[in-house]
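Trainee: I am new to this structure. Please take me closely through one part of it, the salt bridges, and then show me what lies around them.

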Amino acid sequence: MAGNRMKLELSRVLQGGSRVGVLKGLGRTGQHALDVPGCLLYTHFGTVPHLTQDTLHSLSNLPSVTQVTLSNIAEHQEVMEEFKDGFVKFSGLHDTVLYCSLHDPATQCPTGYTTNKTVSVWGSGGRIELTVDKFMALQKAVKPDWYQSMADGETWQSNTSRKRVRKSVDRTLAHLDECLLVHQKSQELEGVEVFGVVEGGDILEERLRSARETAKRPVAGFCLDGLQMGAIEQNLRTQLITAVTKELPEDKPRLLQGVGRPDEVLACVEAGVDLFESFFPFQVTERGCALVFSFDISPDPERAGRAPPKVLELDEERNSMEDKQQNGDLNLDDQTQMTSFEINLNDKRYHDDFRPLVEGCGCYCCKNHQRAYLHHLLVTNELLAGVLLMIHNTAHYHGFFGALRNALAIDEMDLLKRRVLRERKDLDG
């Protein structure tokens, strides 16, 4: 198979399964790299929501891999084919590795639309049915550096039968074989890598079968699907991932789809996941919220330039959420609901709060604006609110991944977990 330059070089593998290293040889020329554990850059049709390219690149430490989805691109297939030069050039992206996945991780897709020969994606104009031939024609038009193989991922609901889960695994393997066959014969896809998809719902035997069979194919890495936020309880997810990663080759990356909340990221990294999709900052921004959780593990957070948020304020947010949960107003399985890692700037308590979102944060928003200003922008429906929140949330989230890699490198994962989960004794210390 053409390509196969992608190489995962691990510097540490911890006893629990966490891996630290660098994914090298990315892109057609192989000059890019991505630190793991890490995340991809989430986009809508190549653009990070709310941000222009100039604004985006004012941020530091952005990942080298940009994610696009066929749910955004499929309806533009004819235009892409006529353009001929691929999506990177079409969308004006520069110096990035392009990864093409099937579905938008920030949007829940309707179920019941897969067949033995097709899967469906949803664009702005509705449902688009994809055969393997159409799927591969799209990949040839997009010209990504790597892409997720076609897969039947409709088994994430808890009431899915064992028979349906088994069929999902069989279909996904069949799709992979067909995609690989077309891929190997395609000059347009020379040097492009394929990620196989591991399905299996919440059934361990099917997860293991999917992992073993996918690992036999000539794929560059693995997408773990059907384990997204709200679809499965965290302990079960961790158990399944731990079992699956033991069946996968150590020298190939594992990308987990649909998981982005910081506590779930930490648990999944400990189970052996390398890569994540960074849609979570977008979801936080869309509800008018700002990420404020602490991830600083230096001895003196004040001196290090990132003080943890005030415990009292975060406790007020958490207590408010717990009240809603007890009253039945908060559905923890709903990805649109606020989490305990953020503050809601729509709340009137911020109308005269003149602090930055996070003390010591170096992003443009925190260096130039106050919470009261963000509150004003939100209540007056100004577009600038989304821009400033997305700047901060993107910077904060990618900073968290940097802290995660550092914590693994210096054996401080337990301290990082306490910081992120905001145990009072650590925040007060």
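**Salt bridges and their surroundings**

Mentor: Arg 12 and Asp 411 meet through their side chains in a salt bridge, at 3.1 Å from N to O. Arg 12 sits in strand β1 (residues 7–13), while Asp 411 sits in the loop between α15 (384–409) and α16 (413–420), so the pair ties together parts that are 399 residues apart in sequence. Keep in mind that this is a predicted model.

How covered are the two partners? Arg 12 is partly exposed, with a relative accessible area of 29%. Asp 411 is exposed, at 54%. The cut-off for exposed is over 50%. Side chains of opposite charge can pair when their charged atoms come close.

The structure holds 24 salt bridges. Take another: Asp 152 with Arg 171, whose closest N and O atoms are 3.2 Å apart. This pair also links distant parts of the chain. Asp 152 is in the loop between β9 and α6, Arg 171 is in helix α6, and 19 residues separate them. Asp 152 counts as buried because its relative accessibility is 0%. Arg 171 counts as buried too, at 11%.

A third bridge joins the side chains of Arg 261 and Asp 263, at 2.8 Å from N to O. Arg 261 is partly exposed, with a relative accessible area of 21%. Asp 263 is partly exposed as well, at 23%. Elsewhere, salt bridges that share partners build one network from Asp 152, Glu 154, Arg 164 and Arg 171.

Now stay with helix α6, the home of Arg 171. Helix α6 (residues 162–184) packs with helix α5 (residues 132–142). Their axes are 10 Å apart and the angle is about 45°. That angle makes α5 oblique to α6. The crossing of the two is right-handed.

Follow the chain on from α5. Lys 143 is in the loop between α5 and β9 (146–148). Its phi is positive, about 60°, although Lys 143 is not a glycine. Lys 143 counts as partly exposed, at 27% relative accessibility. Why pick out such a phi? Most residues other than glycine have a negative phi, and most peptide bonds are trans.

Asn 61 gives a further case: it is not a glycine, yet its phi is positive, about 60°. Look for Asn 61 in the loop between α1 (53–56) and β5 (65–69). Asn 61 counts as exposed because its relative accessibility is 68%. Asn 381, just after α14, takes a positive phi of about 55°. Within helix α14 (residues 371–379), the buried residues include Arg 371, Leu 374 and Leu 378.

The peptide bonds hold an item of their own. Val 36 and Pro 37 are joined by a cis peptide bond, with omega about 0°. Pro 37 is in the loop between β3 (32–36) and β4 (38–42).

Two places remain. The loop between α7 (204–215) and β11 (221–224) holds Val 219. Val 219 counts as buried, at 2% relative accessibility. Its C-alpha is 7.2 Å from that of Glu 193, with the two 26 residues apart in sequence.

Last comes the surface. Val 79, Phe 83 and Phe 90 form a nonpolar patch there, with about 220 Å² of accessible area together. Val 79 is in helix α3 (residues 77–83). At 42% relative accessibility, Val 79 counts as partly exposed.

Notes: Residues are numbered from 1 along each chain as its sequence is written. This is a predicted model: local features need pLDDT of at least 70, side-chain atom pairs count only at pLDDT 80 or more; totals for chains, interfaces and linings use all residues. Side-chain values use heavy atoms; hydrogens and water are left out. Patches are made of residues with over 30% relative accessible area and no salt bridge: like charges are joined within 9 Å, nonpolar side chains (Val, Leu, Ile, Met, Phe, Trp, Tyr) within 5 Å. Accessible areas come from the Shrake-Rupley method with a 1.4 Å probe; for residues, only the protein chains shown count as cover. A salt bridge is a side-chain nitrogen of Lys or Arg within 4 Å of a carboxyl oxygen of Asp or Glu. Helices (H or I, at least four residues) and strands (E, at least two) are DSSP runs, numbered from the N terminus. Buried means under 20% relative accessible area, exposed over 50%, partly exposed in between (1.4 Å probe, protein chains only). Axes are lines fitted to C-alpha atoms, for helices over the stretch in contact, and angles run from 0 to 180 degrees between N-to-C directions. Angles under 35 degrees count as roughly parallel, over 145 as roughly antiparallel, 65 to 115 as roughly perpendicular and the rest as oblique. A crossing is left-handed if the near helix is turned anticlockwise from the far one by less than a right angle, and right-handed if clockwise.
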